[in-house]
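Let's take a look at how the strands and helices of this chain fit together. Here is the structure to follow along with.

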Amino acid sequence: MNLLTVENISKSYGELVLFSNISFGINNDQKIALIAKNGSGKTSILNIISGKDASETGLVTKRKGIKIAFLEQEPNLNPDLTVEETIFDTDSEILKVIANYEHAVQNPEDSDAYQKAFEAMERLNAWDFETQYKQILFKLNLDKLDLKVRMLSGGQKKRLALANVLLNKPDLLILDEPTNHLDLEMIEWLEAYFSKENISLFMVTHDRYFLERVCNEIIELDNNQLFNYKGNYSYYLREKDSRLEREAVEQHKSKLLFKKELDWMRRQPKARTTKSKSRIDDFKEIKQRAHQRRTDHQIQLELNMERLGSKILELHNVSKSFEDKTILEKFDYSFTKGERVGIIGKNGTGKSTFLNIITQKESVDGGKVIVGDTLKFGYYTQKGIHVKEGQKVIDVIREFGDFIPLKKGKQISAQQLLERFLFDRKKQYDFVEKLSGGERKRLYLCTVLIQNPNFLILDEPTNDLDIVTLNVLESFLLDFPGCLIVVSHDRYFMDKIVDHLFIFKGDGIIEDFPGNYSDYRIYEGSKVISERESKAIESGKKSERTHWKEKDSSQKLSYQEQKEYNKLEKEIQKLEEQKAILQNKFVDSNLNGDEIAKLSIELKEISDNVEKKTERWFELSAILEN
């Protein structure tokens with residue numbers, strides 16, 4: 001069933017054409033992601049199909065009666081309402097049904113109205129609405145229901161807006177970077193929610209694991225052309241590579257044909273017959289195809305990095321608190337050359353404070369932070385670039401010099417550097433205030449990297465960056481020879497870049513885990529299963545000690561249940577062996593992102609199967625214990 005059709009929409013700002021005459025459709029149960037470079041109009045497309053903005057051409061046709069909800073990057077909420085009041089300040093069908101039911105209860109003489117209200121409550125499962133919204137708010141770490149919206153941070157407002165759209169259960173949900181401002185636990189919960197919910201989605205997101213596990217179709221806007229891929233992110237990567245190979249072959253053929261036709265044109269045929277005129281017209285099209293150039297660039301900067309000394313960065317018994325909230329408690333750590341540390345933890349556990357402490361932007365309550373003499377920080381913060389009025393992109397880079405030194409005595413100009421960061425010559429003379437959010441982040445990242453740091457700190461570097469830029473950044477960081485600390489909610493990015501993790505658990509507890517994020521999730525999952533098994537064994541022993549005289553397990557289970565019980569033990573053991581083999585595969589440093597994603601999905605399926613069979617084994621064990 002078609003929910004929405006987009007026909008020949010266009011958007012431009014003066015001479016800048018974002019996109020023109022693009023068309024696509026959204027059907028029921030589709031979970032579609034839109035992929036495009038920063039600055040190519042992704043958010044503008046979302047605004048147009050949601051009705052927030054108008055297209056210059058074409059039209060958007062919506063199925064009559066469908067409910068559409070739009071989660072913007074910067075939601076507009078009433079600052080005077082509380083968190084809980086915001087939930088009830090929506091045009092929600094469930095809230096209308098609840099109001100109708102309450103009215104019907106107060107007027108019991110109208111039995112027909114009561115019956116209709118009762119049936120509507122049943123149909124929408126509105127009886128548990130309070131439980132539903134409190135559960136979702138709790139999952140999104142919004143448990144202070146009486147807190148005014150004006151007191152919330154930008155991330156909290158985004159999460160509150162997300163809670164609203166989830167509770168309204170629209171037919172079509174449009175999402176602009178839904179995983180921004182969510183911690184890893186929230187992202188995984190949202191991922192699972194969307195995977196099981198019968199809801200149609202159209203989203204823009206850079207989270208590649210989210211794309212892999214939630215989306216069943218990807219639309220790519222590339223050079224003002226739309227390409228549809230009927231599958232998840234892995235499928236998209238394979239098919240895109242095939243498409244680019246075909247395009248390269250076609251372009252080669254076009255060049256050969258162009259050369260042949262050029263020779264004919266140079267002979268300047270005197271007789272301008274209808275046939276020759278047609279051939280001249282065709283030549284123009286051939287020339288255009290032959291001279292097409294893809295604007296993809298790769299960053300290949302061999303920075304002339306300052307040499308790191310033997311003493312890099314040391315933290316000795318460092319403590320830090322804010323009133324009754326402990327961030328660090330006698331924390332000790334000494335960084336070594338080439339370390340690549342990822343930092344994860346729930347929002348509010350002190351990750352950004354930790355970064356400010358090691359860069360000495362924040363003082364400590366106790367202990368020492370010792371910085372080596374040769375250490376040069378490059379610190380990418382969440383605040384982003386400071387935009388000066390009337391400043392152009394090229395001017396931002398030239399503040400650091402006209403040339404940047406590279407290895408072996410080479411250098412690169414400010415213009416060349418910007419080109420490598422996907423800013424073409426024309427874009428370099430745009431005013432910074434005209435750049436999209438992602439383009440500003442890319443420019444800011446450039447200003448941090450060109451200062452030749454030997455200790456790089458990136459606080460949420462992937463927010464608002466497109467997938468093309470993320471791949472380029474990952475390639476750069478993999479070759480970066482200095483120390484690296486990354487705080488990120490992008491699991492794909494973390495898996496590819498870091499070697500070990502600092503896990504901020506709150507109350508000053510920081511765990512050093514030797515592996516990447518997927519390794520950690522596997523470890524945590526196996527720990528939960530081990531705890532359950534230990535409890536089951538302990539419970540079994542206790543029961544055996546208490547009731548061994550009257551216990552007769554052979555007669556407590558039916559014949560089929562006894563067979564199932566014995567079979568489950570063998571199946572669980574076999575799955576655990578498969579799981580261990582898979583876990584060992586993650587040690588291979590040659591794995592690429594696609595292989596990691598595939599292994600992660602396979603491992604999740606096995607872990608889920610183990611958990612399911614273990615729960616059934618517990619059920620049968622409980623019967624044996626009675």
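Helices (H or I, at least four residues) and strands (E, at least two) are DSSP runs, numbered from the N terminus. Keep in mind that this is a predicted model, where local features need pLDDT of at least 70, side-chain atom pairs count only at pLDDT 80 or more, and totals for chains, interfaces and linings use all residues. Residues are numbered from 1 along each chain as its sequence is written, and side-chain values use heavy atoms, leaving out hydrogens and water.

Two strands pair if DSSP finds at least two bridges between them. With that in hand, meet an open sheet of 6 strands with mixed pairing, in the order E5-E6-E7-E3-E8-E9. Its edge strands, E5 (68–71) and E9 (225–229), each pair on one side only. Inside it, E3 (residues 31–35) and E7 (residues 200–204) run parallel, joined by 3 bridges; Lys31 has Leu201 in E7 as its bridge partner.

There is also an open, antiparallel sheet of 3 strands, ordered E2-E1-E4. E2 (16–27) and E4 (59–62) stand at the edges with a single partner strand each, so one side of each has no neighbour in the sheet. E1 (residues 2–13) and E4 pair over 4 bridges, and Thr5 is matched with Thr61 in E4.

Now the helices, where contact means heavy atoms within 4.5 Å. Axes are lines fitted to C-alpha atoms, for helices over the stretch in contact, and angles run from 0 to 180 degrees between N-to-C directions.

| Helix | Lies across | Angle |
|---|---|---|
| H6 (residues 154–168) | E5 and E6 (172–176) | about 165° to E5 |
| H1 (residues 42–50) | E1, E2 and E4 | about 50° to E2 |
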